[in-house]
Amino acid sequence: MQEFDLVVVGSGPAGRRGAIQAAKLGRKVLVIEQGKRVGGVSVHTGTIPSKTLRETALNLSGWRERGFYGRAYRVKQEISADDLRRRLLITLDHEVEVLEHQFARNRVQHIRGKATFVTPDTMEIAKDDGETIHVQAKSIMLAVGTKPYRPESIPFDGVSVLDSDELLDIQELPRSMAVIGAGVIGIEYATIFSALDTQVTVIDPKATILDFIDKEIIEEFVHDLRDRNMKLILGQKAEKVEKLSNGKCEITLDNGRHVTCDMVLYAAGRVGATDSLNLAAAGLTADSRGRLSVNPETFQTDVPHIYAAGDVVGFPALASTSMEQGRIAARVAVGAIAKEPPKYFPYGIYAVPEISTCGLTEEEVKERGIPYECGMARFRETSRGHIMGLNSGLLKMIFSLKTRRLLGVHIVGEGATELVHIGQAVLNLKGTVEYFVENTFNYPTLAEAYKIAGLDAWNRMGDLSQAG
């Protein structure tokens, strides 16, 4: 039986970052991946594919230029599913090559197979060729990620009724689509297909969407969606999904309403991919959604030498935060010092338009009783926004009236997930409104919206240098 300092189950963002970190510290590391290629959900069905699909859809549809040339403008008149897939395959091949090279360069061993616990420190690996091997580890990291929640009442067929993993393999673009679930994944895919001129209806039992995002940003976002004729049916539950004899699908809502469409995407949640690990043999138990609870500082489970990181531990379930969780867990596992990451990290939603946020929302600031002021800038107020033909886009910053420090930055619009990092840096470095007022930003850029929003807040907060 081979022995390792760290065995990592899963090669997604948390697993690969943790494995490489431990290897860089001179430890003997093994990564077990049950998929056909390394990379996990992030590379093959989640983060990278959905963002590649988004970019391809925006490019081929001419979406970004429609502000100038009208809604009928298209770069390619007839866009097929193959057009979308072609770019996707090139991107995935590149991602896998980079990852395999990183493993090789850092002497991380990796093996294809299904891992299950035999004892708390021994794992059985069932390889594709039928061979079964056992490995022993001083520490084990579970970075198995999540998979789509698939209730038995939904007639999934991979063609007209699909989950988010199956959506990447569709053979033709639907003329109409209903998305059940208005979470991050549902909203991202709904808006991407809307940009491809598919008629999209979003259904969710909650009356609001994306509640962890600043309410004013969501109001702006929802207005943009309705403006382009996306239907949002909120506060109503999908009771039944049926495939009709004419090839269409029909969804019956709890108020008796019927929605007919060509394709149904069921995107109402994900579950931790822990069901095949035989957690009981390790002394672990997952929650009802297959997730594992951990110490948020060390990522240790209830069994001290077993760690969990990434989506399998729940919110925020981002590739970026998963990488940091994996790195910290690996350092703790091998006895190295692990610094706590900065307090504020950015959250990116790759919808059309993008949303990105960092720090406190206005609702959270109110709850804490902090006196505050907001600064706003619309992208159309910037010269770069005019050059790009942007009709929408909003940047909002929240400042403390007492300390004048930035408390939160919230953006909806083109390039939001890139722009947010300026606000993130100022937040973590405890910067004030004066930073945005006194600094020079490249002109013309969308980043200039920071100065506009900073001045907007500063004008109402008053000039501190004139006080007294």
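## Helix packing: H3 and H6

Two helices count as roughly parallel when the angle between them is under 35 degrees. In this predicted model, H3 and H6 pack at an angle of about 20°, so they are roughly parallel to each other. Their axes lie 9 Å apart. The crossing of H3 and H6 is left-handed.

Which residues of H3 and H6 meet? From H3 come Ser50, Lys51, Leu53, Arg54, Ala57, Leu58 and Ser61. From H6 come Glu188, Tyr189, Ile192, Phe193 and Ala195. Sorted by class, this contact holds 7 nonpolar, 2 polar and 3 charged residues.

## The largest nonpolar core

The largest nonpolar core has 48 residues. Phe193, Val202 and Ile355 touch the most other members. Several elements each supply at least two residues of this core. Among them are the helices H3 (47-61), H5 (81-105), H6 (184-195) and H7 (215-227). The strands E9 (176-180), E10 (199-204), E15 (263-266) and E18 (347-349) do so too. H6 gives the most, with 7 residues. Phe193 of H6 also takes part in the contact with H3.

## Around Val202

What does Val202 touch, leaving out residues up to four places away in sequence? Its contacts are Val179, Gly181, Ala182, Ile187, Ala190, Met230, Lys231, Leu232 and Ile233.

## A second core

A separate core of 32 residues is also present. Its members include Leu360, Leu390, Val433 and Val437.

Note on methods:
Residues are numbered from 1 along each chain as its sequence is written. This is a predicted model: local features need pLDDT of at least 70, side-chain atom pairs count only at pLDDT 80 or more; totals for chains, interfaces and linings use all residues. Side-chain values use heavy atoms; hydrogens and water are left out. A nonpolar core is a set of buried Ala, Val, Leu, Ile, Met, Phe, Trp, Tyr and Cys residues joined through side-chain atoms within 4.5 Å. Buried means under 20% relative accessible area, exposed over 50%, partly exposed in between (1.4 Å probe, protein chains only). Helices (H or I, at least four residues) and strands (E, at least two) are DSSP runs, numbered from the N terminus. Contact means heavy atoms within 4.5 Å. Axes are lines fitted to C-alpha atoms, for helices over the stretch in contact, and angles run from 0 to 180 degrees between N-to-C directions. Angles under 35 degrees count as roughly parallel, over 145 as roughly antiparallel, 65 to 115 as roughly perpendicular and the rest as oblique. A crossing is left-handed if the near helix is turned anticlockwise from the far one by less than a right angle, and right-handed if clockwise. Ala, Val, Leu, Ile, Met, Phe, Trp, Tyr, Cys and Pro count as nonpolar, Asp, Glu, Lys and Arg as charged, and the others, Gly among them, as polar.
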